[in-house]
Structures are given as C-alpha cells and as structure tokens.
Amino acid sequence: MASPLELFRKKQKVLMVPLTILALFAFIVMDQLTPAQFPPIAGMLFFGFVFWYLGRDRGKGTQFAVVGIIIGFFVGYLYIPKVGAETVVTSTAGDIDMRQYQEMVQNRQIANQFIMRSYMASLTEEEQQRPQPPRGAMFGFGREMEDDIILEYLFRKEAEKMNLIVSDDAVSNYISRYTNNKLSRKAFQETCQQLGKTEGQIYDIFRDQLQARLAFQMLRPEVSLTPDQYWNFYKKFNVREELELVALPVKDFEGEVPAPSDAEKKAFFETYKTVFPGEKGPGSPGLRQPQKVQVEYLMADYVDTEKQVPPITDKEIAAFYEDNKERLYKNNPIPDLPAGSTVPTAPELPAPSGPKTEKPTEAAKPGAGENPAEKPAATPAKTETPAKPETPAKPETPAKPKADTKPEPESKPEPKTEKKEESSALAAESITFVSLLDEKPADTPVVAPKPGAETAGAKPETTTTAPPPLEPYRPLNDDLKSEIRDQLLRERTLDLMKDKISEAVLFMNELSDKITNPEEGATVPTPEEATKALKEYAAKHQLIYNITPMMSAQEMSESEKYPLGTAKEPTINQFAAQPRTAIEQLFETPVNLTYIPYEAEDSFSSGLLCYWKIKHVDATIPEFDDPEIDQQITEQLKLEKARPLAQKRGEELKKLISGDKEMAAAIEGQTITGKKDGTELSTTTTESFSWMRTSTANASNPFSMPRPELSSISAVEGAGNEFMEQVFDNLDEGEVGVVMNADKSICYVVKVINRIPSTPGGLTAMYQEFLKEDMFFFFSPYLPMAQMEQQQTNYEWSQELEAKYQVEKFFEQVEGPEVVAQ
C-alpha cells in the first residue's frame with residue numbers, strides 16, 4: 001500500500017500537467033488579448049480547471065472541465081460591461097461608454113495614420129523629400145476630439161436610417177484617389193502590418209469613417225446667399241470711417257473687486273471646468289485646458305545662411321549678364337516698331353469734318369498772306385492725281401469758297417492727300433489715322449521742300465528728327481553689377497537653405513523610422529537620444545536647433561519667439577490650394593502621431609524649417625486643487641466682476657461727450673476710474689478703416705484666393721466683430737457709444753467723426769458700383785466670406801443635431817489623468 005507521501009507526489013505530478021499548460025497559455029495567449037477579451041477567457045480557464053479537479057477523482061475530469069469552460073465563458077462575458085464601461089455620452093440615438101469612446105478614438109487615429117503612411121509609401125524617393133499631405137483625406141469634422149467623435153456616432157446613426165452602405169469598392173477607390181493610384185499591394189500590406197491591423201480591419205475602420213462623412217455631406221444645409229447679403233459684404237469692405245476714442249482697461253477696475261471666496265471659486269470651477277476659454281463667446285470664461293504640443297525644429301535662417309554663400313565675383317556677374325541680357329536687360333520699349341521709323345506723336349490736325357464746315361472764309365483771314373507760300377506745296381499733290389478735282393465736288397459750295405478751303409490743310413501733313421486717293425471710301429477720321437500710321441520716311445521730302453525763308457514758321461513740322469537710337473542693352477555699369485550681385489546672392493542663399501532643409505528632412509525621416517518603426521531586435525532611441533542627435537546635426541550643418549515648451553495653438557500663433565505660429569508648408573505648385581499651416585499640421589493630426597517630420601517656410605522670419613512634435617497632450621479637464629487652476633479662477637472671477645464697472649464708467653463719460661462738445665474738451669481732467677488719484681484720460685484719433693479687408697500677409701501662393709479678415713485699428717487693441725458691428729451699424733456720424741474689444745479686456749468710448757459715404761446719395765452711388773462688381777470672380781474676397789458663412793452654418797447645424805438627439809456628456813466624471821503621447 002502506498003504511503004501518504006507517495007500519494008501526495010502522484011497528485012502533485014497530476015496537478016503539474018494542467019498548471020504547466022495554464023502557464024504556457026498565460027504567457028503565449030493572454031499576452032495578446034485585449035482587455036475586453038480577457039474576462040471570458042479568464043472565466044473559461046478558472047472554471048474549467050476547478051470543474052476538472054472536481055471530476056478527476058470520479059474519472060470524469062474531461063466532461064466536468066467542458067462544463068466548467070462553458071460556465072466560465074458566460075460568467076466572464078457578463079462581467080465585460082463592468083470593465084471600463086462607464087457611460088460618457090447619453091442620447092436618444094444610444095449611449096456611448098468609455099470603452100466604446102476609446103475604441104472610436106483609436107479607429108479614427110488608425111484611419112488617419114493609415115492615410116499618412118500609405119500616402120508616403122505611394123511617393124517616389126524624390127517626392128518624399130518635399131511631400132504635400134493629401135488635403136481633405138484626413139477624417140474629422142473640425143471640432144474637439146470629444147465633440148468630433150460624438151458627431152461621427154450621430155452621423156453613422158443617420159446613415160443607418162438612410163440605408164447608406166459603403167462597399168469595399170468605395171473604400172478601395174477612396175484609398176486609390178488620395179494616393180493617386182500609386183499605392184502598391186505590397187506597400188498596402190506593409191502599412192497594415194505597421195499599424196498592427198489586418199486588411200479586413202482597415203477596411204472596416206474606413207467603412208465606418210466614410211459612412212459618417214457621406215451622411216454629413218448629404219445632410220448638411222447648403223448656404224444660398226441673397227443679393228442683400230452680398231451687398232452687406234460689399235459695404236464691409238468699402239464703407240470707411242474714423243473714430244475718436246478713449247480707452248478704459250478693465251484691469252484698472254479690479255482693485256474695486258474683493259477677492260473671491262472659496263465657495264465662489266468652487267461654484268465657478270464646476271460651471272466652467274468643461275468649457276474652453278472663449279467657447280461661449282469672445283472673452284467668455286473657461287477652465288478646460290486646450291490641446292498642447294511640444295515641438296523640436298531645425299531652421300535655416302536667411303541672414304545666417306547668406307553669410308555661408310561664397311562672394312559673387314565679377315566674372316560670375318559678367319557671365320550672368322551675357323546669359324540673360326536678351327531676356328532681362330534689353331532696351332526695346334516698342335519692340336514692334338519698324339527700323340528707321342519715328343515714334344508717332346499726337347497729330348496736330350483740325351477736326352475731321354473741317355472740309356464740310358460752313359465757315360471756310362474765317363480760316364483764311366488770319367493767314368491770307370501765307371496762302372501763296374502754301375500753294376506751291378499743294379499743287380504737286382494735284383498734278384500727281386487727276387482724280388483730285390472729284391473730291392471737292394461733294395460739298396455744295398461756290399467756286400470762291402473752294403479756293404478758301406485750300407489753306408485748311410496748311411496744318412495737315414501733305415501725305416494725307418495722297419492717302420485720300422488710295423482709299424476714298426474711308427471717312428475723314430480713318431484717312432487721318434491711316435496716313436499717320438503708314439507714314440514712310442520716303443514721303444517726308446514731299447512735305448519738306450524749302451522754298452526759302454518763308455518756311456521758317458513751318459520748320460518744326462517738316463524737320464522732325466528721330467531721337468538718338470537706344471543702346472540695345474543696359475550697360476553693365478556699377479549699378480547693374482550691384483543689382484546682379486544682389487540677385488545672385490539671394491538666389492544662392494535660398495538654394496542653399498532649401499538644400500540644407502531637404503537634407504535635414506531626410507535625416508529626421510531616418511531617425512523617425514528608428515523611433516516609430518524600428519527593425520526587429522533594434523534598440524529604439526529615447527527622446528533624449530533623439531534630441532541629442534538633432535542638436536549634433538544642427539551644429540554640424542550650421543542650422544538653428546530649438547525646442548518649444550508645451551504650447552496651445554493660440555499661444556503658438558501669438559508667440560514672437562517661435563516662428564511656427566506663422567509658418568506654412570512650402571508650395572511647389574503655385575496653382576495648388578492654400579498651403580496648410582504648421583499649427584494645422586501639429587494640432588489636427590492624431591495625438592499619438594509624434595516624431596513625424598514636416599517642412600515649412602516662414603516669410604516673417606525669412607526661414608525654412610523642418611519640425612516634428614515630440615509630445616501631444618489632448619484637451620483635459622483640470623483639477624480644482626491645481627495651484628495654476630486656482631490662479632486662473634481668481635483672475636477670471638475678478639475680470640468678470642470688473643467689466644460692469646468699466647462699462648458703467650464708459651456710460652458716464654458718454655453723457656459728458658454727447659452733443660456738439662469736442663471729446664478732448666469734454667473729458668478734460670477726467671480719470672479712467674473716476675477717482676482723483678487715477679490715470680488721466682486722453683483721446684486718440686484712428687486712421688480711416690473699413691470693417692473688413694483682404695490680407696496677403698504670409699501668402700506664399702500668389703494664386704490663392706485673398707483671405708478676408710477684420711481690419712486692424714492702430715488705436716484699438718483687438719477690435720472684434722462686435723466692435724465693428726457697433727461702430728458701423730449702430731452709430732451714425734457724430735454719435736458716441738460704449739464698445740468692448742474682442743476679449744472684453746478694454747472698454748472704449750468712441751465717437752464717429754467721419755464716415756464715407758455718410759449721405760443717402762453717397763450710399764446710392766456705392767450701390768451702383770456694387771451692381772457692376774463681379775462677386776464670383778476667383779480672386780474676389782466675397783467668396784471666402786460665403787465659405788465662412790457655410791462653416792458657421794455647419795457649426796450651428798451640428799449643435800442642433802446634438803440637441804435633436806438630446807446629447808449629454810459625462811466625460812469629467814470618468815476622465816482620468818491627462819494622456820500624453822510621446
């Protein structure tokens with residue numbers, strides 16, 4: 001009989017078999033499972049093992065294990081909704097839990113990453129040096145991620161109602177279109193592998209994205225503008241006015257506002273923690289933190305690069321002159337003028353209908369003594385052409401006036417009579433015009449016989465001499481040499497900058513592949529190592545290296561230190577669409593799409609850049625205990641309470657100024673806050689300005705449509721649309737008003753001192769000009785205005801759609817710490 005120790009060892013061996021299998025399964029299979037798949041698998045393993053153990057002694061271990069696996073699957077399946085399934089959106093179209101939301105975000109990012117990667121894979125090596133991202137191919141509706149995903153969900157629900165189905169062919173055609181039919185089958189498969197998805201999964205993701213986009217395109221309202229709306233656009237660009245004003249900064253009134261209590265801070269935080277600053281209107285409060293990125297870039301500065309260009313030699317200047325003198329330096333103001341002819345001058349001729357006038361005798365009186373001198377010049381013309389007597393037969397005049405008509409041609413060139421015979425059917429005006437244009441040098445001796453001293457008065461007419469002939473080319477003097485030297489220096493500087501940045505982009509692409517797509521077994525460079533490599537490359541190739549702090553889009557656009565806010569992608573094709581800005585490239589790409597190099601040019605700093613984002617933080621809901629948030633709450637609360645005080649002071653000053661009083665005299669001795677120890681007020685007069693203007697600033701594409709924008713007023717800090725509406729629509733010339741600037745940080749008391757047009761008649765004349773305007777010309781500024789109306793309509797419509805489905809958001813209740821892509 002076996003001892004207890006032997007029985008224990010036998011049971012241990014029996015138990016080791018399933019435990020070993022479980023261990024292998026855990027290491028091999030469980031590591032590949034997603035969190036959503038884990039509960040059913042774990043339940044099957046656990047219950048299967050327990051039931052196998054209970055049935056082993058009865059000889060029915062396998063049967064019991066099967067029952068346990070089935071029970072474990074159902075138990076685990078029921079547990080799935082409890083894992084990360086907190087509801088973040090409720091609506092009548094359905095609810096979205098956190099797990100679904102994260103899956104939708106991930107699918108959106110995968111779709112956009114696939115577009116970028118497959119597009120790059122479809123380019124040749126030369127095209128990859130200066131890639132132009134496919135415009136309009138990326139998915140999204142231009143909202144913050146949370147709102148954007150909600151809209152995608154609602155649009156898919158609308159698509160299902162319309163039975164809108166996206167086929168595999170539609171997905172294939174979409175991919176082929178943005179890759180210009182250049183994506184190979186191999187490149188497609190490699191891109192799928194890089195993203196860790198099968199081809200079928202990629203097609204399913206694109207199917208969902210395209211379904212939502214098609215529903216949006218089919219359902220969105222189309223804006224159809226009326227003539228009255230275009231008339232309002234026209235007035236915004238053409239009505240001009242001048243203001244006299246005084247400024248009342250709101251901050252000057254914060255001293256009258258007591259510090260907020262903890263209860264006020266808490267209430268303010270709960271109200272605005274999910275709201276972005278300015279989301280509910282210009283200057284409106286908000287505590288939600290916007291997206292922020294950190295960027296590394298290399299820059300080729302124009303001034304620094306110019307110093308690296310070798311000096312331009314005189315030999316190079318002379319060679320450039322010889323190669324380009326026909327094209328650039330030729331002196332030929334009238335290239336079609338025949339050789340030897342003179343430049344025609346304004347003809348000194350009487351009215352063409354002179355022979356038909358009824359007063360021939362009046363023309364003869366002043367020059368009666370000169371008639372004999374003129375007759376010898378006129379008789380040769382008569383003898384040359386026997387048809388001459390036929391022409392005077394037309395006017396019904398007696399013989400005496402006929403003789404008097406002869407002096408009239410005294411100021412006419414003699415060739416006129418010759419041309420008159422050549423084409424007698426032409427009107428007198430045409431005869432004069434043709435004779436002047438067809439005048440030949442050989443005809444001048446007929447006009448210029450010198451019978452004697454009598455021709456002294458006619459000498460200016462008959463002895464017309466041609467000006468000295470121009471040199472065929474501009475001489476290569478010191479001025480032209482300096483001009484050519486500057487041109488060559490600029491061209492070579494720009495070429496050197498482009499070469500430097502092109503090589504830098506290639507270097508960053510290689511480094512990017514090592515970070516984002518490392519080879520098997522290779523060590524992935526850390527962020528610190530990548531930064532070190534960029535710094536070394538910049539030092540070696542005489543480029544500027546810089547790294548930004550975490551910045552929002554607004555902070556980047558307002559930054560004077562970093563040129564990314566005004567940079568745009570380089571435009572190779574001048575007829576292409578408006579290039580994307582660096583801010584669009586950084587903030588409209590997925591959060592986890594880091595270390596992807598882009599190229600840009602900045603006209604303000606005269607530099608070329610290559611850059612990538614190394615960190616991207618999505619918009620987050622702040623914590624109340626954060627000291628920085630506490631400071632923002634205090635500042636915004638005091639600002640909110642100080643605005644009414646500034647407006648009240650503005651109304652007091654308005655009463656003083658109203659009427660025929662001069663503003664400066666009316667406010668003399670007054671202070672900003674009204675207190676004696678305050679800052680004394682002073683008036684400022686603005687330049688003439690319109691509501692809107694067209695901007696070409698930083699427009700690298702000269703063929704792009706003009707970009708309309710609010711006019712800037714030197715005396716007004718941030719004049720917004722509400723400011724313009726007040727001073728143009730709500731105030732007449734001579735009236736006084738109280739107006740806030742865009743962010744409501746300054747209250748202005750303004751008086752309209754001049755407006756053009758200011759009368760009904762002037763406005764009627766402007767309307768007549770408006771009727772002649774081509775409002776739909778490609779370069780017309782009114783087309784972008786219509787597009788802005790469409791965008792605003794789309795935004796309002798999307799809000800109405802959310803209200804229709806009674807959408808409520810609960811992200812702040814389940815949102816954890818901010819997610820940083822690195």
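Guide: Let's start with burial: a residue is buried under 20% relative accessible area, exposed over 50%, and partly exposed in between (1.4 Å probe, protein chains only). This is a predicted model, where local features need pLDDT of at least 70 and side-chain atom pairs count only at pLDDT 80 or more, while totals for chains, interfaces and linings use all residues. Residues are numbered from 1 along each chain as its sequence is written, and side-chain values use heavy atoms, with hydrogens and water left out.

Visitor: Try that on a residue, then. Is arginine 649 buried or exposed?

Guide: Arginine 649 is buried, at a relative accessible area of 7%. Still, arginine 649 has a salt-bridge partner in glutamate 652, with the closest N and O atoms 3.1 Å apart. Salt bridge here means a side-chain nitrogen of Lys or Arg within 4 Å of a carboxyl oxygen of Asp or Glu. Glutamate 652 is partly exposed, at 37%.

Visitor: Why are those two separated by about one helical turn?

Guide: Because arginine 649 and glutamate 652 are 3 residues apart in helix α25 (residues 627-657). Helices (H or I, at least four residues) and strands (E, at least two) are DSSP runs, numbered from the N terminus.

Visitor: How many salt bridges does the rule give?

Guide: The count comes to 27. The general idea is that side chains of opposite charge can pair when their charged atoms come close. Take aspartate 148 and arginine 108: their closest N and O atoms are 2.7 Å apart. That pair links distant parts of the chain, with aspartate 148 in helix α6 (residues 145-161) and arginine 108 in helix α4 (residues 98-121), 40 residues apart. Aspartate 148 is buried, at 2%, and arginine 108 is buried too, at 4%.

Visitor: And what about glutamate 483: which residue does it bridge to?

Guide: Glutamate 483 bridges to arginine 474, with 3.5 Å between the closest N and O atoms. Both ends are partly exposed: glutamate 483 has a relative accessible area of 37%, and arginine 474 has 30%.

Visitor: Now strands. How do I read a pairing?

Guide: Two strands pair if DSSP finds at least two bridges between them. In a regular strand the side chains alternate between the two faces of the sheet. Here, strand β4 (residues 292-301) pairs with strand β7 (residues 607-617) in the antiparallel sense, over 10 bridges. Glutamate 296 stands opposite tryptophan 612 in β7. β4 also runs antiparallel to strand β5 (residues 544-547), joined by 4 bridges, and methionine 299 has isoleucine 544 of β5 as its bridge partner.

Visitor: Why is β4 largely enclosed by the rest of the structure?

Guide: Because 9 of its 10 residues are buried.

Visitor: What is the strand order in the open sheet of 3 strands?

Guide: The order is β2-β1-β14, with antiparallel pairing. The edge strands are β2 (96-97) and β14 (808-809), each pairing on one side only. Strand β1 (residues 87-90) meets β2 over 2 bridges, and threonine 87 has aspartate 97 in β2 as its bridge partner.

Visitor: How about surface patches?

Guide: Patches use residues with over 30% relative accessible area and no salt bridge, joining like charges within 9 Å and nonpolar side chains (Val, Leu, Ile, Met, Phe, Trp, Tyr) within 5 Å. Areas come from the Shrake-Rupley method with a 1.4 Å probe, and for residues only the protein chains shown count as cover. In this model, Phe46, Val50, Tyr53 and Leu54 make a nonpolar patch of about 380 Å². Leucine 54 is found in helix α2 (residues 38-56).

Visitor: Any odd backbone spots? Which peptide bond is cis?

Guide: The bond from isoleucine 756 to proline 757 is cis, with omega near -5°. Proline 757 is in the loop between β13 (746-756) and α28 (760-772). Asparagine 180 is another spot to check, with a positive phi of about 55° although it is not a glycine. Asparagine 180 sits in the loop between α7 (168-178) and α8 (185-194), partly exposed at 47%. Glutamine 806, also not a glycine, has a positive phi of about 55°. Glutamine 806 lies in the loop between α29 (782-804) and β14 and counts as exposed, at 55%.
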